[in-house]
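Biologist: Please take a close look at the inside of this model, and then tell me what lies around it. I am in my first year, so give the cut-off for each term when you use it.

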Amino acid sequence: MDKLMEQVLLVFCNTSSEGEAKKIARALLEDELCACVNISLTQSLYRWDGELVEEIEWLLKIKTTARHYPQLERKIKAVHSYELPEIIAVEISHGLAEYLQWVMDT
């Protein structure tokens, strides 16, 4: 696996509102912890406290690097309103080299 691609991550995080999603995205970008954040509306179904929950959430797709991940996770937890926010990072195994380089350089 290419060293560049090992270090680029896609982080997923859901929020309860568009405002909160934008607040988190801006905080991450202002602290230079990511290159880009996409925000989209999504429908979530999950179990919480023994109950089935169905609600509309706002999904953040955050492009960052492994070296920024620890700080990024701390920042999301500090700003997020959820008791247990979803913060899931996936390594990017393939992608346009120039785009991945841009993420690395940001």
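Modeller: The answer below begins with the core and then moves to single residues and pairs.

This is a predicted model, in which local features need pLDDT of at least 70 and side-chain atom pairs count only at pLDDT 80 or more, while totals for chains, interfaces and linings use all residues. Residues are numbered from 1 along each chain as its sequence is written, and side-chain values use heavy atoms, with hydrogens and water left out.

A nonpolar core is a set of buried Ala, Val, Leu, Ile, Met, Phe, Trp, Tyr and Cys residues joined through side-chain atoms within 4.5 Å. Buried means under 20% relative accessible area, exposed means over 50%, and partly exposed is in between (1.4 Å probe, protein chains only). The largest nonpolar core contains 17 residues, and V11, L28, L60, I62, L72 and I76 have the most contacts inside it. Strand 1, helix 2, strand 3 and helix 3 each give two or more residues to this core. Its largest share, 4 residues, comes from helix 2. Helices (H or I, at least four residues) and strands (E, at least two) are DSSP runs, numbered from the N terminus.

Take I62 from this core. Not counting residues up to four places away in sequence, I62 touches L9, L10, V11, C13, L28, C34, C36, V37, L72 and I76; contact means heavy atoms within 4.5 Å. Another core, of 7 residues, lies apart, and V8, I92, V103 and M104 are among its members.

A polar residue can be buried too. N14 sits in strand 1 (residues 8–15) and counts as buried, at 10% relative accessibility. The side chains of N14 and E86 are joined by a polar contact of 2.9 Å. A polar contact is a pair of N or O atoms within 3.5 Å; within protein, one must be able to donate a hydrogen and the other to accept it, and residues adjacent in sequence count only if both atoms are side-chain atoms. Leaving aside neighbours within four places in sequence, the contacts of N14 include T42, W58 and Y82.

Strand 2 (residues 36–48) pairs with strand 3 (residues 51–65) in the antiparallel sense, over 13 bridges; pairing requires at least two DSSP bridges between the strands. W48 has E51 in strand 3 as its bridge partner. The hairpin has 2 residues between these strands, and D49 takes a positive phi near 50° there.

The structure has 2 salt bridges, each a side-chain nitrogen of Lys or Arg within 4 Å of a carboxyl oxygen of Asp or Glu. In one of them, the closest N and O atoms of K22 and E18 are 3.5 Å apart. Both residues lie in helix 2 (residues 18–30), 4 residues apart, about one turn of the helix. K22 is partly exposed at 34% relative accessibility, and E18 is partly exposed at 37%. K75 and D31 also form a salt bridge, 2.9 Å from N to O. This pair links distant parts of the chain, 44 residues apart: K75 is in helix 3 (residues 69–79), and D31 is in the loop between helix 2 and strand 2. K75 is partly exposed, with a relative accessible area of 26%, as is D31, at 40%.
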